[in-house]
Every structure is written in structure tokens, then in C-alpha cells.
Amino acid sequence: MSGISPERILELSVRHHSDAEVFGFFGQSWRPDAACIDKDQEIFFPAKGGSAKEAKKICALCKVAEQCLEYALDEDRDGIWASTSRDDRRKIRRFIGAGKKALKAVNE
Ligand code: SF4
């Protein structure tokens, strides 16, 4: 567990999350272990057409990427989460949806 104080986490998270999400942020026990917690959060929000390479490099080393992806898949969030863009996550959701339909068909 990181030695970062809750106040510092809040300060950092405000840049990565909307105000509403900040309240949910404290409910995520994995967030203090995130590799991005002390990084410039701007790199996780590249401008349209900008590079997400730097963010993805950090995500690749993150030990809570799985939890992060699950969290990001729950809602249509902006930015890079667990090396995925918003479009990537939409594709993953469609893939999961198709898989669920196929499974249901097999079990009927
Ligand atoms: S996977 Fe990436 S965005 Fe998610 S918590 Fe880790 S470093 Fe941050």
C-alpha cells in the first residue's frame, strides 16, 4: 500500500476524475496502488489525435490494471484507463455483450 495521504490522493484524483467520481474514488481500495497516482494526469487525457503512448507505458507497469479496467468499463469514461481508450472500451463492451448472447444461445 502506498504511503500517500488521502488528501494527496484527492488532490491528484481531482484531475483524473470528475467531482462526482471523486466520491467513488475513495471506495476503490486499489487506487492508492495505481501506477498513475503520482504522475501528471494530463497524459491520460491526450488531445484528439494526440499520443497515448506515455500513459500506456505507465499502465503497462500498473499492478491494479485489471481493477482499473473493470472500473472504467462500468461507465463511459473519458481518457486512458488500463491502456485502453474510450473507443477500445466500447469495443470490449460490445465483445462482452456478444459473448453473453452466444453463451445464452448455447444454454437455451
Ligand atoms: S492501469 Fe493505468 S490508468 Fe489504471 S490505475 Fe493503473 S496506471 Fe492508472
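Contacts that reach far along the sequence are a good place to start with this predicted model. Of the contacts between residues at least 6 apart in sequence, 49% link residues at least 24 apart. The fold behind these contacts is built from helices: the chain has 5 of them and 0 strands. Read from the N terminus, the order of elements is therefore simple to remember, α-α-α-α-α. Buried residues account for 17% of the 108 residues in the chain.

Turning to the interior, the largest nonpolar core comprises 12 residues. Its members are Ala34, Cys36, Phe44, Ala55, Cys59, Val64, Cys68, Tyr71, Ala72, Ile80, Trp81 and Ala82. Two helices, H3 and H4, each contribute at least two residues to this core. H4 makes the greatest contribution, supplying 3 residues.

The surroundings of the ligand come next. Around the ligand are found Ala34, Ala35, Cys36, Phe44, Ile58, Cys59, Cys62, Val64, Ala65, Cys68, Trp81 and Ala82. Two or more residues of this shell come from each of helix H3, spanning 53-60, and helix H4, spanning 65-74. In terms of residue class, the shell is made up of 12 nonpolar residues, with no polar and no charged ones.

Placed side by side, the two lists share several names. Cys59 and Cys68, for example, belong to the largest nonpolar core and also lie around the ligand. Phe44 and Trp81 likewise appear among the core residues and in the ligand shell. Tyr71, by comparison, is listed in the core, while Cys62 is listed around the ligand.

Note on methods:
Residues numbered from 1 in each chain as written. Predicted model: local features only at pLDDT ≥ 70, side-chain atom pairs only at ≥ 80, totals over all residues. Near = placed C-beta within 6 Å. Helix = DSSP H or I, 4+ residues; strand = E, 2+ residues; numbered from the N terminus. Nonpolar A, V, L, I, M, F, W, Y, C, P; charged D, E, K, R; others polar. Buried ≥ 20, exposed ≤ 12 C-beta atoms within 10 Å, placed from the backbone. Contact = placed C-beta atoms within 7 Å. Core = buried A, V, L, I, M, F, W, Y, C linked by C-beta atoms within 7 Å.
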